[in-house]
Amino acid sequence: MPELPDVEVLRRYLQSTALHHEITDVDLRAEALLEETQPERLSGALVGQQFESTRRHGKYLFVALDGGDWLVLHFGMTGDLKYFEDPDQDPEYDRLLLQFANGYHLAYIAPRKLGEVDVIDKPEDLIQDRGLGPDVKDPDFTLETFKQLLGSRRGMIKTALMDQQLMAGIGNVYSDEILFQARIHPRTKVKDLDGQKLEELYQTMNGVLDTAIDCQAIPGRLPDSYLTPQHHQGGVCPLCGETVQRVKVGGRSAYYCPNRQGQEPGGDGG
DNA sequence: ACATTGACCTGAGAGC
DNA sequence: TGCTCTCAGGTCAATG
């Protein structure tokens with residue numbers, strides 16, 4: 001779930017619920033989620049403070065505290081947030097639970113504990129330390145940027161789209177959705193895409209990400225023409241009914257429609 | 001450079 | 001019911 005659109009939806013959710021309430025208690029139930037923060041610093045930075053604003057870079061969510069620190073949340077493969085009042089609504093697998101002075105709670109949910117919770121001085125530090133590329137939804141991420149980054153790539157397009165060091169935000173599901181909408185086979189070599197095709201891909205990428213955000217990143221709300229709800233074995237192409245194919249790309253399962261996106265590329269060389 | 005694999009950690013679902 | 005196996009939306013490190 002938590003790729004750029006999902007994280008953007010979570011950012012807006014937190015923004016509209018948990019801002020400007022004093023944090024009165026912090027309960028971290030899985031210390032392994034802390035990658036570069038001492039447990040004491042977490043509560044020390046949060047208790048008595050309020051969330052002031054939010055930022056997102058790729059799949060990372062940053063929340064500014066009025067004390068000057070930033071809370072970092074990364075959602076791994078299964079992370080989620082829930083803001084609630086009634087303790088009976090405390091969700092399963094809540095790994096971090098914040099209590100606010102208004103009686104509400106914010107739960108960070110991570111069944112697989114593959115996410116990250118940290119407190120840092122500023123987002124730029126983490127972006128630099130992790131070597132993240134530019135966020136693909138940043139206004140500065142232009143067609144020219146996109147073409148320039150891909151210009152030196154020799155590998156497959158799906159791998160490039162998912163490389164957070166190259167460009168940040170796209171994961172396995174949305175890379176497949178973007179390539180499906182652009183009618184490009186996931187194993188296509190970047191160098192085999194001409195300028196025209198790259199421009200189409202760029203426009204498609206923006207369209208898919210914007211649409212997904214508009215749909216709250218809920219697969220069932222996506223347009224009927226979207227592949228994402230069929231992103232599993234036995235799924236069928238929403239446009240032609242062909243059974244989707246699964247291939248390994250960069251260690252991940254890529255799903256695509258062999259009818260609309262072609263068979264394995266390569267061989268004839270043009 | 002790039003591809004591949006395994007590790008991290010846990011749960012869901014299928015098959016027996 | 002219980003066991004085993006495979007897969008899962010991410011990231012990182014090690015190895016060809």
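Start with how chain A is wired together: among its contacts with a separation of 6 or more, 62% link residues 24 or more positions apart. Keep in mind that you're looking at a predicted model. Chain A also splits into two assigned domains, domain 1 (4-129) and domain 2 (143-261), and two of its residues, Y93 and R183, have a positive phi without being glycine.

**Overall build**

- Going through the secondary structure of chain A, you'll find eight helices and ten strands.
- Chain A has a radius of gyration of 20 Å, close to the 18 Å from the globule rule for 270 residues, so it is as compact as a globular protein of that length.
- If you draw a box along the principal axes, the C-alpha atoms of chain A fill roughly 65 × 35 × 30 Å.

**Inside and surface**

- Of the 270 residues in chain A, 51% are buried, which means that each of these has under 20% relative accessible area.
- The accessible surface of chain A adds up to about 12400 Å².
- Carbon and sulfur atoms supply 43% of that accessible surface.
- On the charge side, chain A carries 28 positive and 43 negative charges.
- Take the mean position of each set of charges, and the two points are 8 Å apart.

**The two domains**

- Domain 1 runs over 4-129, while domain 2 covers 143-261.
- Their C-alpha centres sit 29 Å apart.
- The domains do touch: ten residues of domain 1 are in contact with twelve residues of domain 2.

**Two residues to look up**

- A bit of background first: most residues other than glycine have a negative phi.
- Y93 goes the other way, with a phi near 65°.
- You'll find Y93 in the loop that joins β5 (80-84) to β6 (94-100).
- Y93 has a relative accessibility of 39%, so it counts as partly exposed.
- R183 is the other one to check, with a positive phi near 55°.
- Look for R183 in the loop between α6 (172-181) and α7 (195-214).
- With a relative accessible area of 42%, R183 is partly exposed; that label is for values between the 20% limit for buried and the 50% limit for exposed.

Key: Residues numbered from 1 in each chain as written. Chains lettered and ligands numbered in written order. Predicted model: local features only at pLDDT ≥ 70, side-chain atom pairs only at ≥ 80, totals over all residues. Heavy atoms only, no water. Helix = DSSP H or I, 4+ residues; strand = E, 2+ residues; numbered from the N terminus. Rg over C-alpha atoms; globule rule 2.2 N^0.38 Å. Buried < 20%, exposed > 50% of the residue type's maximum accessible area, 1.4 Å probe, protein only. Contact = heavy atoms within 4.5 Å. Areas by Shrake-Rupley, 256 points an atom, 1.4 Å probe, with all protein chains shown as cover. Lys, Arg positive; Asp, Glu negative; His and termini not counted. Charge placed at Lys NZ, Arg CZ, Asp CG, Glu CD. Domains from an automatic or database assignment.
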